[in-house]
Amino acid sequence: MTDASQTLYRQIKNGGNPIYYEPNRTPILHSAAFLPSSQDKDGLSVIQGGFRTKIWAAYRPEQPEERFRIALLRFDFLKTIALDAGFPDLQLKTTPDQLDDYFGIPFAHGVLPEINRISYDNCLVSKKQIKEFGKKVVESLNSQDIEGPFLKPDEGVHSHRPD
Amino acid sequence: MITSPSKSSTWDETCRFEDDFSSQNGIATESQTFENPEWGKCIDALLKAWNEPCGLGETPPNKKAIRLAMEWAAELKKQFPAFPPTCIIPEPNGGIIMERQIRLKNGDKRLYELTFYNNDKAEWTSYLNGKVLKIVPVSKYPQEHNLAAVWA
C-alpha cells in the first residue's frame, strides 16, 4: 500500500538547467524537469523519501561525478495535480534502481507510470496531460522545495536510510 | 484558428494546422521596434549549445534541433525584437524548448513553447494559466507560419 502522505524526491539534472533564463522569470524551474525522458519509458522516476536520505537521493552511481539537486514533492499533492491534468488515480510503482540493488529492501526508487515517455511520444492527449502535469508541478514549487546540489555521499559517513 | 485566450480556453482536440496558423507573416509594430538585448543572450546561448552540446543532459540536443531553434529564433527576433524568449532549455529526450511567457492585463498567464526535437520534428504549444490550449506541429520554415499567432 503506497503512503500518499509521503514525500518524494525528483532529481533535477544538470542538463535540466536552462541554457538561457530571463532573470525575472517565474517559476523557478521549467516544467522540462518533470517531463519524462527516454529513461522514463515506464514512468517518471522518483525516490521515496521515507526510504532514502536526501544526499543519497541526489546521487546516481552510474553518474558518480554528476551533482543533482532534488525537488521535494508530496505524493498526495501530486495526485491532486494529476487529477486536474486528467489522470484520475496517479500511481507510484516501486522499481529498484542500482542503489536499491545495493542497499536492499525496502526499495526507495519508484516511477509514476502515467507520466511515461511512450505515451508522451505516441498519444497527443497524453502529451497534453503530461505537459499540464509538469506545468502545475513547477507552479507549485517554491525555493524551499528545491535542495542541493549535495556532496558525493560517503557510505561511511552518510546514512542511506532516514532516521 | 489561433484565437485570443478569451475566445479559446479549452483544449482543441483536433490539434491540426489551421488557416490562421499558415503563412501570414506577422509584422513588427512600432512598439516592437526596440530590440531587447536579451535576444543577443538567447542567440549566444544557442551558439554555445551548438559548440558544446554535451553536458546538456543524458540525451543532449543534436545539431539539427539546435539549427532549427536558431533559424526560428532569428526570424522571431527579426519580427518581434522586443519579445525575446523567457527561457531556452534542453528537451529531456533530446531537443530544444524555447518559451515565451506573457502576463495579460487581466492577470492571466499565457505561455508559448516551441519544441525542436532531435528527430527533426517541431511543435508549438500554447497554454493559458497552465492549461494546454493547443499542440500544433510546425515546419522547418518559420516564414510559413503566422508568427504573430505563434509568439506575440
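1. Two strands pair if DSSP finds at least two bridges between them. By that criterion, strand β1 (residues 87-90) of chain B pairs with strand β2 (residues 95-103) of chain B through four bridges, and the two run antiparallel. The structure under comment is a predicted model, and what follows should be read as a description of that prediction.

2. Confidence. The predictor assigns the complex an ipTM of 0.90 and a pTM of 0.88. For chain B the mean pLDDT is 83, with 78% of its residues at 70 or more. Residues 1-8 of chain B have a pLDDT below 50, and beyond near neighbours in sequence this stretch has 14 contacts in the model. Residues 13-20 of chain B also have a pLDDT below 50, with 13 contacts in the model beyond near neighbours in sequence. Where pLDDT is low, the predicted coordinates should not be read in detail.

3. The sheet that involves both chains. An open sheet of six strands follows the order β2(A)-β1(B)-β2(B)-β3(B)-β4(B)-β5(B), with antiparallel pairing. At its edges stand β2 of chain A and β5 (131-138) of chain B; each has a single partner strand, so one side of each is left without a neighbour in the sheet. The link between the chains in this sheet consists of two bridges joining β2(A) to β1(B), which run antiparallel. In that pairing, Tyr21(A) stands opposite Cys87(B).

4. Strand register within chain B. In the pairing of β1(B) with β2(B), Ile88(B) faces Met98(B). Next in the order, β2(B) is joined by nine bridges to strand β3 (residues 109-117) of chain B, again antiparallel; here Glu99(B) has Glu113(B) as its bridge partner. Seven bridges then connect β3(B) with strand β4 (residues 122-128) of chain B, an antiparallel pair. Glu113(B) stands opposite Thr125(B) in β4(B), so that its bridge partners are Glu99(B) in one pairing and Thr125(B) in the other.5. Hairpins and the β3-β4 loop of chain B. The hairpin of β1(B) and β2(B) has four residues between the strands, and Gly94(B) takes a positive phi near 105 degrees there. In the hairpin of β2(B) and β3(B), with five residues between the strands, Gly107(B) takes a positive phi near 95 degrees. The loop between β3 and β4 of chain B contains Lys121(B). Lys121(B) counts as partly exposed because it has 16 C-beta neighbours inside 10 Å. From Lys121(B) to Glu58(B) the separation is 63 residues in sequence and 19 Å in space, C-alpha to C-alpha.

6. Helix packing and the core. Helix α2 of chain B lies across β2, β3 and β4 of chain B, running at about 30 degrees to β2(B). The largest nonpolar core has 74 residues, and those with the most contacts inside it are Phe133(A), Leu46(B), Ala69(B), Ile88(B), Ile96(B), Met98(B) and Phe116(B). Helix α2 (residues 63-79) of chain B supplies the largest share of this core, seven residues. In soluble globular proteins, nonpolar side chains tend to be buried together.

7. The surroundings of Ile88(B). Which residues are in contact with Ile88(B), leaving aside its neighbours within four places in sequence? From chain A they are Pro18(A), Ile19(A) and Tyr20(A). From chain B they are Cys42(B), Ala45(B), Leu46(B), Ile96(B) and Met98(B). Met98(B) is also the residue opposite Ile88(B) in β2(B).

8. The interface. In total, 25 residues of chain A are in contact with 31 residues of chain B. On the chain A side, β2 (20-21) and α5 (124-140) each supply at least two residues. The largest share of that side, eight residues, comes from α5(A). By class, the chain A side has eight nonpolar, six polar and eleven charged residues.

9. The sheet of chain A. A second open sheet of six strands has the order β5-β6-β3-β1-β4-β7 in chain A, with antiparallel pairing. Its edge strands are β5 (93-94) and β7 (146-147) of chain A, each of which pairs on one side only. Within this sheet, four bridges join strand β3 (residues 44-48) to strand β6 (residues 109-112) of chain A in antiparallel fashion, and Val46(A) stands opposite Gly110(A). Helix α2 (residues 75-85) of chain A lies across β1 (7-12) and β4 (69-74) of chain A, at about 75 degrees to β4(A).

Definitions and conventions. Residues are numbered from 1 along each chain as its sequence is written. Chains are lettered from A and ligands numbered from 1 in the order in which they are written. This is a predicted model: local features need pLDDT of at least 70, side-chain atom pairs count only at pLDDT 80 or more; totals for chains, interfaces and linings use all residues. Two residues are in contact if their C-beta atoms, placed from the backbone, lie within 7 Å. Ala, Val, Leu, Ile, Met, Phe, Trp, Tyr, Cys and Pro count as nonpolar, Asp, Glu, Lys and Arg as charged, and the others, Gly among them, as polar. Axes are lines fitted to C-alpha atoms, for helices over the stretch in contact, and angles run from 0 to 180 degrees between N-to-C directions. pLDDT is the predictor's confidence in each residue, from 0 to 100. A nonpolar core is a set of buried Ala, Val, Leu, Ile, Met, Phe, Trp, Tyr and Cys residues joined through C-beta atoms within 7 Å. A residue is buried if 20 or more other C-beta atoms lie within 10 Å of its own, exposed if 12 or fewer, and partly exposed in between; C-beta atoms are placed from the backbone.
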